Amino acid sequence: MMVAMASGSLDVCSGLKLAETSKMSKRCHLWGSQLGFNLAPLSFCSARLSSSASSLNVPKAASPTAVEDESPSEADKIPIPKVIIDQDSDPDMTIVEITFGDRLGALVDTMKSLKDLGLNVVKANVFLDSSGKHNKFAITKASTGRKVEDPELLEAIRLTIINNLLQYHPEASAQLAMGAAFGIDPPRQEVDVDIATHIYIYDDGPDRSLLVVETADHPGLLVDLVKIITDINIKVQSGEFDTEGLLAKAKFHVSYQDKALIKPLQQVLANSLRYFLRRPTTEEASF
């Protein structure tokens, strides 16, 4: 169930200022060398994080139809939108799950937009539970018939789904971090990145570790997380990326030289991610 996410294929900006990226590269290389790891220097670009999403080809949804547009009463409480991209559950297909209370229709235009990305929707089903209606798709690349392994395409899938959701359900705009970029209303509250960010690394057998990252969401985040992990020679085997309102929750199975990460390397990875995800206004001395 390997997911090839090699950093060499990524060309996405990390969001750090140029001066910070230089410090970051030196810092991470120093962390690794002090601990005896052969960690390649980080190669971040200097543009802002939001520009990473602009390079992705995210097709717009067609005009709303009665199939997808189920306009709710304004008196209804707006549920938290959730988009899950699951690379763990199936070895051959990427599983996508979308939840927005009970407001979603058949998502015909969403499936069409996914096909416009060069994907096949192999299976689709709907199930209900206490949290609402869950629309689940199994998708593959049309060119290979296999699951999606390119982080940039996975992020394009995520942004395409969110873009369609915002077009058909504009009331979700204030509930999603992407509302500031794609929606009619930006979020009413701003997430404090320092408070929202949590990084955990667990042993998951002798051959891999489980990395869990929770942080404020923004366009390009999935690609940037994979890049910072692979830029220090840690391999991403598989994972799951959840968009839940203003937050993003990522789970990655990772390894170093086909082994689980030992404690010092876990600290290097955690430090690298914290440095990258922290607010740009945080002082260097406070790190």
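On a 1 Å grid over the protein atoms alone, a cavity is a set of points where a 1.4 Å probe fits but cannot get out, and its lining residues have an atom within 4 Å of a point. This is a predicted model, in which local features need pLDDT of at least 70, side-chain atom pairs count only at pLDDT 80 or more, and totals for chains, interfaces and linings use all residues. Residues are numbered from 1 along each chain as its sequence is written, and side-chain values use heavy atoms, with hydrogens and water left out.

An open sheet of eight strands (DSSP runs of E, at least two residues, numbered from the N terminus; two strands pair if DSSP finds at least two bridges between them) has the order E3-E4-E2-E1-E7-E8-E6-E5, with antiparallel pairing. Its edge strands, each pairing on one side only, are E3 (119-129) and E5 (198-203). Within the sheet, E1 (residues 82-86) and E7 (residues 235-244) run antiparallel and are joined by five bridges, with lysine 82 standing opposite glutamate 244 in E7.

Helices (DSSP runs of H or I, at least four residues) also belong to this picture. H7 packs on the sheet, touching E6 (209-216), E7 and E8 (247-255) (contact means heavy atoms within 4.5 Å). In H7 (residues 221-230), 10 of its 10 residues are buried, that is, under 20% relative accessible area with a 1.4 Å probe, protein chains only.

The structure holds two cavities of 30 Å³ or more, a volume being the space filled by probe spheres set on the points, which are joined across faces, edges and corners. Of the 10 residues that line the second largest cavity, the closest to its centre are Leu107, Thr110, Ile161, Asn164 and Leu165. The largest share of this lining, four residues, comes from helix H4 (residues 151-168).

Definitions and conventions: 1 Å grid on protein atoms, 1.4 Å probe; cavity = no way out; pocket = protein on both sides within 12 Å on 5 of 7 lines; lining within 4 Å. Buried < 20%, exposed > 50% of the residue type's maximum accessible area, 1.4 Å probe, protein only. Axes fitted to C-alpha atoms, helices over the stretch in contact; angles between N-to-C directions.
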